[in-house]
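Visitor: I should like to understand how this protein is built. May we go through it step by step?

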Amino acid sequence: MLVEQFLLLSSTLITFGSLLALLKFILRSFPNQVSRISLLHDLDKSTDIMDPNTILAFIVGLVASIGVLIWINAGKAKPVLNPKEWQSFKLMERKDVSDNTAVYRFRLPSDQSILGLPIGQHISLQANIDGKNVQRSYTPVSSDDERGFFDLMIKTYPNGNISKHMSTLKVGDKMQVKGPKGQMRYSPDLCRRIGMLAGGTGITPMLQIIRAMAKNPKDNTKIDLIYANVKENDILLRKELDDLAEKSPERFTVHYFLNEPPQGWKYGSGFVSKEAIEEKFPKPADDIKILLCGPPPMINAMKKHLDELGYEKPNTISKLHDQVFSF
Ligand SMILES: Cc1cc2nc3c(=O)[nH]c(=O)nc-3n(C[C@H](O)[C@H](O)[C@H](O)COP(=O)(O)OP(=O)(O)OC[C@H]3O[C@@H](n4cnc5c(N)ncnc54)[C@H](O)[C@@H]3O)c2cc1C
């Protein structure tokens with residue numbers, strides 16, 4: 001970005017210099033007319049490039065322009081993601097949020113850096129495990145409003161590749177990242193209503209969209225989330241979800257499902273049922289979307305429910321215009 005701005009400044013200076021040289025050439029070519037018209041005469045005198053005042057004015061102008069450029073640039077967020085290149089980022093901090101899930105904070109190149117991830121998209125992480133490069137998708141739980149770092153909330157599977165590798169990382173270790181990736185790109189005019197079905201860490205892509213909708217008062221999208229987990233302790237980001245639902249119940253609702261509910265549990269129990277989807281979600285229509293993210297067995301069961309309820313069949317690889325979109 002800085003390079004582009006210096007190029008712009010240089011080309012402005014070259015254009016200005018060329019116009020000045022052309023003006024001088026014309027003035028010198030017609031000395032009689034110049035001496036008769038006092039304005040042209042004054043212009044010729046005041047643009048004498050050998051005059052110390054002109055040189056001083058030029059230097060002051062140049063230094064001021066560069067200063068303003070650097071000042072504007074210093075406050076600007078710098079996106080770092082490159083969809084064509086793997087980049088390494090250092091782990092700054094790790095915070096456990098449950099028995100098997102932690103938030104990993106990675107440092108970006110400068111305090112002004114942001115990932116630059118469009119809402120709804122995700123990144124790939126890569127590591128060499130047993131001699132093979134393994135890649136998996138993750139959606140940060142931090143946003144581009146935060147600078148200098150990004151956070152990933154990752155559940156460790158004992159038989160997992162990347163999630164297990166992540167759990168062995170120490171502060172200062174690096175992880176390879178590439179992105180943005182994915183077909184989803186959320187914008188307020190994407191659709192009228194969204195039904196979200198998330199399981200476990202499948203909440204992370206949903207959260208990006210929920211937050212974007214909630215912080216934009218002009219966004220009229222209504223979102224209904226069904227969030228499935230095994231135990232109550234497994235529910236990730238519950239406080240944030242409950243706060244959002246409490247603040248604007250007409251724009252966002254959340255309904256939890258637990259396989260092992262505690263006594264007195266007021267939400268759904270067992271697996272997410274067809275009836276719950278029918279009750280909570282918008283009916284099939286051209287201006288609604290159903291988003292899915294979670295463990296493959298859960299997603300397959302949900303696709304069957306949705307099919308029986310008359311929603312469109314999802315494509316193998318979901319596209320933005322699909323009614324049922326699986327991350
Ligand atoms: C768009 C997108 C965003 C995602 N964001 C996140 C995120 O923010 N945080 C996060 O933790 N994950 C997220 N995931 C899931 C992530 O990509 C990996 O699938 C997950 O971390 C497991 O990878 P792994 O290499 O450790 O396990 P793998 O090597 O793929 O699987 C090995 C074994 O782990 C277990 N396992 C793996 N995945 C699951 C699962 N989903 N449910 C139950 N058991 C499983 C199974 O026993 C499996 O046999 C996201 C996925 C997508 C598509």
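Guide: Helices (H or I, at least four residues) and strands (E, at least two) are DSSP runs, numbered from the N terminus. This is a predicted model, in which local features need pLDDT of at least 70, side-chain atom pairs count only at pLDDT 80 or more, and totals for chains, interfaces and linings use all residues. Residues are numbered from 1 along each chain as its sequence is written.

Visitor: Over residues 55-74, what percentage of the chain is helix?
Guide: UniProt places the feature "transmembrane region" (unreviewed entry) at residues 6-27 and 55-74; its positions are given in the numbering used here, feature names are shortened, and annotations may be inferred rather than shown by experiment. In residues 55-74 the end C-alpha atoms are 28 Å apart and strand makes up 0%, while helix makes up 100%.

Visitor: How far apart do the C-alpha centres of domain 1 and domain 3 lie?
Guide: The domain assignment gives domain 1 (2-76), domain 2 (79-181) and domain 3 (193-326); such bounds come from an automatic or database domain assignment. Between the C-alpha centres of domain 1 and domain 3 the distance is 61 Å.

Visitor: Which element gives the largest share of the shell around the ligand?
Guide: The shell holds 22 residues, and the closest are Gly160, Ser163, Thr201, Thr204 and Pro295; a residue is near a molecule if its C-beta atom, placed from the backbone, lies within 6 Å of it. Two or more residues each come from strand S6 (132-138), strand S7 (149-155), helix H5 (162-167) and helix H6 (203-215). The largest share, 4 residues, is that of S7.

Visitor: Between which domains does the shell around the ligand lie?
Guide: Residues of the shell are given by both domains concerned, so the shell lies between domain 2 (79-181) and domain 3 (193-326).
The position thus follows from where the shell residues come from: domain 2 and domain 3.

Visitor: Which helix gives the most to the largest nonpolar core?
Guide: A nonpolar core is a set of buried Ala, Val, Leu, Ile, Met, Phe, Trp, Tyr and Cys residues joined through C-beta atoms within 7 Å; buried means that 20 or more other C-beta atoms lie within 10 Å of a residue's own, with C-beta atoms placed from the backbone. Of the 60 residues in the largest core, Met196, Met206, Ile210, Leu225, Ile226 and Tyr227 touch the most other members. With 6 residues, the greatest contributor is H6.

Technical notes
A residue is buried if 20 or more other C-beta atoms lie within 10 Å of its own, exposed if 12 or fewer, and partly exposed in between; C-beta atoms are placed from the backbone.
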